[in-house]
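Welcome to a short tour with your viewer open. Keep the selection tool handy, and take each stop at your own pace.

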Amino acid sequence: MAFLGSAASPEQFPAGGLPEVAFLGRSNVGKSSLLNALVGVKNLARVSAQPGRTRLLNFFRVGSDMVLADLPGYGYAKVPEAMRRGWEKLVTSYLVGRGPLALCVFLVDARHPPTEGDETLRSYLDHQGLPYVVAATKVDKLGRGEAARRREGLVRGLGRSARSVVAVSSVTRTGIDELWSTIRAAVGPGR
Ligand code: GTP
Ligand code: MG
């Protein structure tokens, strides 16, 4: 696992070679934490106590197999409009132009209904025909029955066009193996 660098503009995206998996979702949903849980390294992708901290795209190489991209979150109210538009431009320039992009991991908070920003991202991904898996985060905060019900709601709703909907927790590692399987299937040979 190696940190490849951060990008504030498309010229700074690393030369693409390996298949890439992008982590997307609103600010504070748990993108960096999930990335850390997946690779089993603490604090490699910086976890923010304050929302809205990951302002750049951060790229990590996993072995010689794939690259994981931690994308800046949306929906953080305190962000000035001009800056929000800048991020949007950066993220969309990545999503539309990134050849090696094999899969998006679209994170939503399992505890709450999808936000307007989540719906906007969903329609954008569908419109662009980008493959994605929905990861319902922080399920450690829900009881088992409630977590299953929330997941079902996502299967019928926001995640209806997703490859799968996986309930995850970066704290208890629930769903981490299942998510890995989905990622491997997307980047692996014969994809
Ligand atoms: P930005 O980079 O600001 O967009 O946030 P992010 O999506 O990367 O979220 P991050 O991983 O920084 O986590 C935000 C907060 O949620 C932190 O306080 C984490 O400790 C907490 N958190 C993340 N994942 C989980 C989880 O699975 N369970 C619980 N209980 N808390 C979590
Ligand atoms: Mg982050």
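The lining of the largest pocket in this predicted model divides into 10 nonpolar, six polar and two charged residues. The volume of the largest pocket is about 450 Å³. To find its middle, select Tyr 74, Arg 84, Glu 88, Gly 117 and Thr 120, which are the closest to its centre of the 18 residues that line it.

Now colour the elements around it. β2, α2 (81-97) and α3 each supply at least two residues of the lining of this pocket. Which element gives the most to the lining of the largest pocket? That is α2, with six residues.

**Next stop: strand β2**

Select residues 20-25, which form strand β2. Six of its six residues are buried, so the strand is mostly covered, as buried means under 20% relative accessible area. Here is something to look for as you turn the view. In a regular strand the side chains alternate between the two faces of the sheet. In β2, Glu 20, Ala 22 and Leu 24 point one way, while Val 21, Phe 23 and Gly 25 point the other way.

Keep β2 on screen and add strand β4, residues 66-70. The two run parallel and are joined by four bridges. Click on Val 21 and you will find its bridge partner in β4, Leu 68.

Then add strand β5, residues 101-109. How many bridges join β2 to β5? There are six, and these two strands also run parallel. One place to look is Glu 20, which stands opposite Leu 101 in β5.

**Next stop: helix α3**

Select residues 116-128, the 13 residues of helix α3. From its first C-alpha to its last, the helix reaches 18 Å, close to the 18 Å expected at 1.5 Å a residue. Try looking along its axis with the side chains shown.

The buried residues of α3 are Asp 118, Leu 121, Arg 122 and Leu 125. They cover an arc of only 105 degrees around the axis, which puts them on the same side of α3. There is a simple background to this pattern. An α-helix has 3.6 residues a turn, so residues three or four places apart point the same way. Now rotate to the face turned away from the buried side, where the exposed residues Glu 116, Thr 120 and His 127 sit.

**Next stop: a closed space**

Searching the whole structure turns up one cavity of 30 Å³ or more. The largest cavity has a volume of about 40 Å³. To see what surrounds it, select Arg 26, Val 108, Asp 109, His 112, Pro 113, Pro 114, Thr 115 and Asp 118. By class, this lining has three nonpolar, two polar and three charged residues. Asp 118, part of this lining, is also one of the buried residues of α3.

**Last stop: two loops**

Select Lys 138, in the loop between β6 (132-137) and α4 (144-156). Its phi is near 60 degrees, a positive value in a residue other than glycine. Is Lys 138 buried, partly exposed or exposed? At 22% relative accessibility, Lys 138 counts as partly exposed.

Finally, go to Arg 173, in the loop between β7 (165-167) and α5 (176-187). Arg 173 has a positive phi too, near 70 degrees, and is partly exposed with a relative accessible area of 42%.

Notes. Residues are numbered from 1 along each chain as its sequence is written. Chains are lettered from A and ligands numbered from 1 in the order in which they are written. This is a predicted model: local features need pLDDT of at least 70, side-chain atom pairs count only at pLDDT 80 or more; totals for chains, interfaces and linings use all residues. Side-chain values use heavy atoms; hydrogens and water are left out. Buried means under 20% relative accessible area, exposed over 50%, partly exposed in between (1.4 Å probe, protein chains only). Two strands pair if DSSP finds at least two bridges between them. On a 1 Å grid over the protein atoms alone, a cavity is a set of points where a 1.4 Å probe fits but cannot get out, and a pocket is an open set with protein on both sides within 12 Å along at least five of seven lines; lining residues have an atom within 4 Å of a point. Grid points are joined across faces, edges and corners, and a volume is the space filled by probe spheres set on the points. Ala, Val, Leu, Ile, Met, Phe, Trp, Tyr, Cys and Pro count as nonpolar, Asp, Glu, Lys and Arg as charged, and the others, Gly among them, as polar. The expected span of a helix is 1.5 Å times one less than its number of residues. The arc is that of the directions from the helix axis to the C-beta atoms.
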